[in-house]
Amino acid sequence: MIRKMIGAVAVGAFLLALTGCSTASGTGSAGAAKAPGDIVVGFAQVGAESGWRTANTKDIQDAFAASGMQLKFSDAQQKQENQIKAIRSYITQGVDVIAFSPVVETGWDAVLKEAKDAGIPVVLTDRAVDSKDDSLYVSFLGSDFIKEGQKAGQWVVDEYKNQTDPVKIIQLEGTTGAAPAIDRAEGFADVIKADPKFQIVASQTGDFTRAGGKQVTEALLKSNPDATLIFAHNDDMGLGAIEAVEAAGKVPGKDIKIVTIDAVKDGMKALSDGKINFIVECSPLLGKQLVDIVKKVVAGESVEKRILTEETTFTQEQATAALPTRQY
Ligand code: GYE
């Protein structure tokens with residue numbers, strides 16, 4: 001009899017554990033729907049390094065404010081240890097969902113495992129992690145950075161199709177180890193390698209900032225005075241490069257052509273003015289989609305593991321046409 005009772009208790013405990021498990025994978029507590037005001041989301045942002053990031057932060061904050069959910073927000077100032085600290089603090093606070101944009105790709109498994117063990121679903125926003133265990137996050141929302149690099153490369157191939165002389169290229173890389181820096185470089189290289197006249201003569205990180213882009217371009221123009229093209233992994237570094245090119249007595253957009261990625265307002269203005277030659281769009285407006293993912297995860301609905309943002313490209317004429325209604 002006592003044995004039977006112990007058995008029943010054990011079965012009960014097992015069932016409870018199972019219910020606990022489904023909460024852990026994001027099915028909500030015992031099926032009861034949570035009111036938006038009771039849902040708490042912790043967002044660990046990269047920093048405020050670029051116009052793109054500022055627009056991204058605003059869009060996420062606006063979308064959560066409109067949703068009625070509670071958003072806890074932290075800015076890691078581009079440091080991984082700060083982001084890990086923020087995520088640990090969200091775990092301790094017992095938030096419903098954690099979302100974050102990993103500053104670099106590697107080194108997340110331990111903290112993501114802690115979130116998983118605490119039953120808190122994680123959504124990757126904008127940037128990916130390179131973890132082999134994809135059960136550590138429920139979804140990854142963001143752009144295809146390889147495709148962006150390929151689009152930039154394709155413009156270069158088309159622009160120089162009638163030139164046989166070497167095209168010497170300076171590449172301004174994003175933050176070392178960040179998914180968009182790795183993937184944009186890869187996509188670009190993939191396309192230009194078809195013709196050996198394209199030579200990346202120097203490639204260095206400007207950390208996705210305007211100051212970084214300016215400083216690196218200054219130095220690299222000195223060591224590579226015959227470079228005629230700059231590929232910058234984001235608009236801000238391209239804008240910094242414009243200043244360095246002008247300071248070197250050259251005309252940006254003519255003596256030195258510039259291709260960038262993002263299409264934020266300042267970049268689009270420079271493109272419209274002919275100082276940048278081509279921009280591949282990368283949308284920072286991820287807020288609404290993130291809110292939708294969080295709602296589904298909390299309600300126990302399934303979500304797509306990979307959600308891609310839709311993006312285009314801009315020539316000078318297209319930038320001039322798009323500028324008046326550009327949101328960011
Ligand atoms: O291109 C850059 C920002 O992760 C896609 O980060 C984002 C990149 C964006 O600093 O401007």
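Here, contact means heavy atoms within 4.5 Å. Keep that in mind for the exercises below, and remember that this is a predicted model.

**Exercise 1.** Work out which residues of α3 meet which residues of α4, and sort the contact by class.

*Solution.* Start on the α3 side: I84, I87, R88 and I91 make the contact. Their partners in α4 are V111, E114 and A115. Now sort by class: 5 residues are nonpolar, 2 are charged, and no polar ones turn up.

**Exercise 2.** Describe how α3 and α4 are oriented relative to each other.

*Solution.* Two packed helices are described by the angle between their axes and the distance between the axes, so grab both values. Helix α3 covers residues 80-93 and helix α4 covers residues 109-117. Their axes are 10 Å apart, at an angle of about 10 degrees. Angles under 35 degrees count as roughly parallel, so α3 is roughly parallel to α4.

**Exercise 3.** Find the residues that come nearest to the ligand, then look at the polar distances and the buried area.

*Solution.* Of the 13 residues around the ligand, the nearest are E49, R127, R184, N234 and D262. Next, check the distances from side-chain N or O atoms to a ligand oxygen: E49 gives 2.5 Å, D262 gives 2.6 Å, and a polar side-chain atom of R184 sits at 2.9 Å. Finally, the area: the ligand taken alone exposes 300 Å², and the protein buries 100% of that.

Conventions: Residues numbered from 1 in each chain as written. Predicted model: local features only at pLDDT ≥ 70, side-chain atom pairs only at ≥ 80, totals over all residues. Heavy atoms only, no water. Axes fitted to C-alpha atoms, helices over the stretch in contact; angles between N-to-C directions. Helix = DSSP H or I, 4+ residues; strand = E, 2+ residues; numbered from the N terminus. Parallel < 35°, antiparallel > 145°, perpendicular 65-115°, else oblique. Nonpolar A, V, L, I, M, F, W, Y, C, P; charged D, E, K, R; others polar. Near = heavy atom within 4 Å. Polar contact = N/O pair within 3.5 Å; in protein donor to acceptor, adjacent residues only side chain to side chain. Areas by Shrake-Rupley, 256 points an atom, 1.4 Å probe, with all protein chains shown as cover.
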